[in-house]
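Work through the exercises below with the sequence and the model open. Each task is followed by a solution in steps.

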Amino acid sequence: MADNRDEKSGVSGSPNNKSSMYNRSITLTSSEFAKRSYLYNSSLSPLERSGSIKKLYNSSISSFVSAVSSGNSIKGKVKQLCSVFESSKKKPPLAEPPPLQSQLPLLKPAKSLGCSDSKVSSCCENSGIRLQGTEDRVVVYFTSLRGIRRTFEDCCAVRMIIRGFRVIVDERDISMDSAYRKELQGVLVEKNVNLPQVFIRGKYIGGADVIKQLHEVGELAKMLKGLPVRAPGYVCEGCGDVRFIPCSECSGSRKIYDEDEDQLKRCLECNENGLIRCPACCS
């Protein structure tokens, strides 16, 4: 029975059969290996196989060298193109500017301020607006209120410029007396008037911009030449250069008692603030 089983299974009890069984599962016989041509090419000898490896190695090196050389040639072309563009962008050197001393005679302070000497002088001489009774002085309409910063700064600047010449100035503060505002509006024939406004020898000159320009070009000193000059450091003892003092009739209350009518009346000597002009410096 055992022999029959062995015959059916195709395995004999000899040791050779056992080894062939185990060898069949692990290795292939030479005849079977020869049949599989994709695993072994019998046409190539060992020397020919080594030669093919050398050919493959040499071909790879030659391709690498050609790639490097081609890369170098591309880089060279790129460098040539860059040099062409850079040469086209180069500009000739600029000529050196002339020395500053040669340009100084061409500069004028009046042009830097936006006007010329002829325009300033013609603007002042051709003005037909005049303030009667002030032919021997300088009159400045200004305000001492700081409600508008630019206006206040312009008024201070003009007053300082004119005071620098030490001439006697009739300063008329419209914030202290509304009559000065009405007076200026009547002279300039304008309802809205910018401050400050300057009159020299009764002639209307202009505002802050004109005074600054005249002072810059030296024309203001010529206009003020010959006017009475005040002593250096002089300050009015009556008002302290404020130009106003309290009314002596009503003591600044703006009301007086009328004995005949036995009632209070409005003081006619002072303004709306109960002030009068200083008789010492504004006579």
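**Exercise 1: Helix α10**

Ala208, Ile211, Gln213 and Leu214 are buried in α10, where buried means under 20% relative accessible area, exposed over 50% and partly exposed in between, with a 1.4 Å probe and protein chains only. The model is predicted: local features need pLDDT of at least 70 and side-chain atom pairs pLDDT 80 or more, whereas totals for chains, interfaces and linings use all residues. Residues are numbered from 1 along each chain as its sequence is written, and side-chain values use heavy atoms, without hydrogens and water.

Task: state which residue follows α10 and the sign of its phi.

Solution. Helices (H or I, at least four residues) and strands (E, at least two) are DSSP runs, numbered from the N terminus. Glycine 218 follows α10, and its phi is positive, near 90°.

**Exercise 2: The sheet**

Task: give the strand order of the open sheet, its edges and the bridges between β1 and β3.

Solution.
1. The order of the 4 strands is β2-β1-β3-β4, and the pairing is mixed. Two strands pair if DSSP finds at least two bridges between them.
2. β2 and β4 (203-206) are the edge strands, each pairing on one side only.
3. On average, neighbouring strands are turned by 25° against each other, direction ignored. The axes are lines fitted to C-alpha atoms.
4. β1 (residues 138-142) and β3 (residues 197-200) run antiparallel and are joined by 4 bridges. Valine 139 has phenylalanine 199 as its bridge partner in β3.

**Exercise 3: Salt bridges**

Task: describe the salt bridges of arginine 149 and arginine 159, and say whether each partner is buried or exposed.

Solution.
1. A salt bridge is a side-chain nitrogen of Lys or Arg within 4 Å of a carboxyl oxygen of Asp or Glu. Side chains of opposite charge can pair when their charged atoms come close. The whole structure holds 16 salt bridges.
2. Arginine 149 pairs with glutamate 153, with 3.0 Å between the closest N and O atoms. The two are 4 residues apart in helix α8, so about one helical turn separates them. Arginine 149 is exposed at 65% relative accessible area, and glutamate 153 is partly exposed at 39%.
3. Arginine 159 pairs with glutamate 171, with 3.1 Å between the closest N and O atoms. This pair links distant parts of the chain, 12 residues apart: arginine 159 lies in helix α8 and glutamate 171 in strand β2 (residues 169-173). Arginine 159 is buried at 18%, as is glutamate 171 at 2%.

Task: find the salt-bridge partner of glutamate 261, then list the residues of the network.

Solution. Glutamate 261 meets lysine 265 at 3.0 Å, N to O. Glutamate 261 is partly exposed at 44%, and lysine 265 is partly exposed at 31%. Asp136, Arg137, Asp170, Arg172, Glu183 and Arg277 form one network through salt bridges that share partners.

**Exercise 4: The largest pocket**

Task: give the volume of the largest pocket and describe its lining.

Solution.
1. On a 1 Å grid over the protein atoms alone, a pocket is an open set of points where a 1.4 Å probe fits, with protein on both sides within 12 Å along at least five of seven lines; lining residues have an atom within 4 Å of a point. The volume, the space filled by probe spheres set on the points, is about 500 Å³.
2. The lining has 25 residues, and Thr151, Val193, Asn194, Leu195 and Pro196 are the closest to the centre.
3. α8 (149-163), α9 (178-188) and α10 (208-217) each supply at least two lining residues; α9 gives the most, with 4 residues.
4. The lining divides into 11 nonpolar, 9 polar and 5 charged residues. Asp, Glu, Lys and Arg count as charged; Ala, Val, Leu, Ile, Met, Phe, Trp, Tyr, Cys and Pro as nonpolar; the others, Gly among them, as polar.

How values were computed
Axes are lines fitted to C-alpha atoms, for helices over the stretch in contact, and angles run from 0 to 180 degrees between N-to-C directions.
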